[in-house]
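I opened the model to look up its nonpolar core and the surroundings of its ligands, and I kept these notes as I went.

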Amino acid sequence: MIYTCTLNPAVDYVVRVEDFQAGGLNRSESADLYAGGKGINVSRLLKRLGSDTCAIGFAGGFIGDFIKSELDREGVFHRFTSVHGVTRINVKLKSGTETEINGPAPSISEEEANRLVQLTGELTEHDWFHIGGSVPSSLPADYAGTLMDTARKKGARVVVDTSGAALKALLPYNPFFIKPNHHELSELFNTDVSTKEDAAFIAKKLVDGGIGNVIVSMGGDGAVFVNNESIYFAVSPKGTVKNTVGAGDSMVAAFMAKIDAGLEPHEAFHWAVAAGSATAFSDDLCTKEEVEDVYSHVKIVNVE
Ligand SMILES: Nc1ncnc2c1ncn2[C@@H]1O[C@H](COP(=O)(O)OP(=O)(O)OP(=O)(O)O)[C@@H](O)[C@H]1O
Ligand SMILES: O=P(O)(O)OC[C@@]1(O)O[C@H](CO)[C@@H](O)[C@@H]1O
């Protein structure tokens, strides 16, 4: 089972405004609500790709209920820890460019936090533990590390998709797989990662330090894959971009699904790029058929 843990889920309110005017009254052409947050996106895509998955994390109030009912509707198994606070709404404004306003997390009590640690302790060596997204500031600084350590001690394969201080704090746990984008990598190493060569150089350092597999995503410019056997570059296919929210999560889901199914890492990387781009070309997360269509348009090159 692939468990995804979203400590700070959200409803993504995706609103399209033709010519957004800051400070004026704007009327939207469309507004859609999606169950969001990185782990939730990963579980939704895993389900579409046919993998066994369970979404965990914290959910509270009417927004938490909406997320659970949306996951039920899609047949995505979940075991959220209920919290007293209300889960956030994240605004994704599409008006030529994409502007995001991600809300603050509800406060999580010590008792609520402990319940999730206990649940993580139920994992076994047959499971994956993916942790993604921001960490509520009310949690202790080492909380995500405690969860990862708990899962790892049970033999689960751990995957990290966070950024900033949370990512830095989790690297010493030597995850099996991480997928920073090039901005997150630049921030982590306090340097400018703008080319695939830069990304590969830094990803190699991470692999030499004990991380199993690193994908650095670079939006429309493609992605880089590094493990201790090889380095691959991918070129993103061209298409009409509709919504890139969740493109990175789609990559993570496809990579785990394909490794879980026994494919070689470079093959899983090829599928990961296809899934990322297929989501960028759809309004919501992509479907399995859309990933299959995009797959043949992705080029990957072995550079080492
Ligand atoms: N404009 C685009 N054209 C084609 N493919 C794209 C485009 N943007 C993203 N992708 C695909 O999606 C992958 C992930 O994109 P990106 O680097 O933006 O991830 P991210 O920043 O983690 O996204 P998010 O956090 O919103 O999920 C890319 O490697 C690429 O395969
Ligand atoms: O605020 P965080 O936790 O860093 O990111 C949350 C988020 O932007 O990430 C997902 C896309 O990857 C969205 O569904 C969600 O709104």
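I began with the nonpolar core: in this predicted model, the largest one counts 88 residues, and F129, A253, A254, F255, A272 and A275 have the most contacts inside it. Because domain 1 (1–19 + 27–173) and domain 2 (176–304) both contribute residues, I place this core between them. As a general background, I noted that nonpolar side chains tend to be buried together in soluble globular proteins.

I then took F129 on its own and, leaving aside residues up to four places away in sequence, found that F129 touches Y3, C5, T120, L123, M148, A151, A156 and V158.

Next I checked the annotation: UniProt, in an unreviewed entry, places the feature "domain: Carbohydrate kinase PfkB" at residues 11–282. I see that the C-alpha atoms at the ends of this span lie 18 Å apart, and that the span is 39% helix and 24% strand.

For ligand 1, I listed 20 surrounding residues, of which S217, G220, A247, G248 and G276 are the closest. The elements giving two or more residues to this shell are α8 and α9 (265–280), and by class I count eight nonpolar residues, 11 polar and one charged.

For ligand 2, I found 15 residues around it, with G36, N90, N102, G133 and S134 coming nearest. I noted that β2 (10–16), α1 (38–49) and α8 (247–260) each supply at least two residues of its shell, which holds two nonpolar, 10 polar and three charged residues. Where does the shell around ligand 2 lie with respect to the domains? Domain 1 and domain 2 both give residues to the shell, so I place it between them.

Notes. Residues numbered from 1 in each chain as written. Chains lettered and ligands numbered in written order. Predicted model: local features only at pLDDT ≥ 70, side-chain atom pairs only at ≥ 80, totals over all residues. Core = buried A, V, L, I, M, F, W, Y, C linked by C-beta atoms within 7 Å. Buried ≥ 20, exposed ≤ 12 C-beta atoms within 10 Å, placed from the backbone. Domains from an automatic or database assignment. Contact = placed C-beta atoms within 7 Å. UniProt positions renumbered as here; feature names shortened; annotations may be inferred. Helix = DSSP H or I, 4+ residues; strand = E, 2+ residues; numbered from the N terminus. Near = placed C-beta within 6 Å. Nonpolar A, V, L, I, M, F, W, Y, C, P; charged D, E, K, R; others polar.
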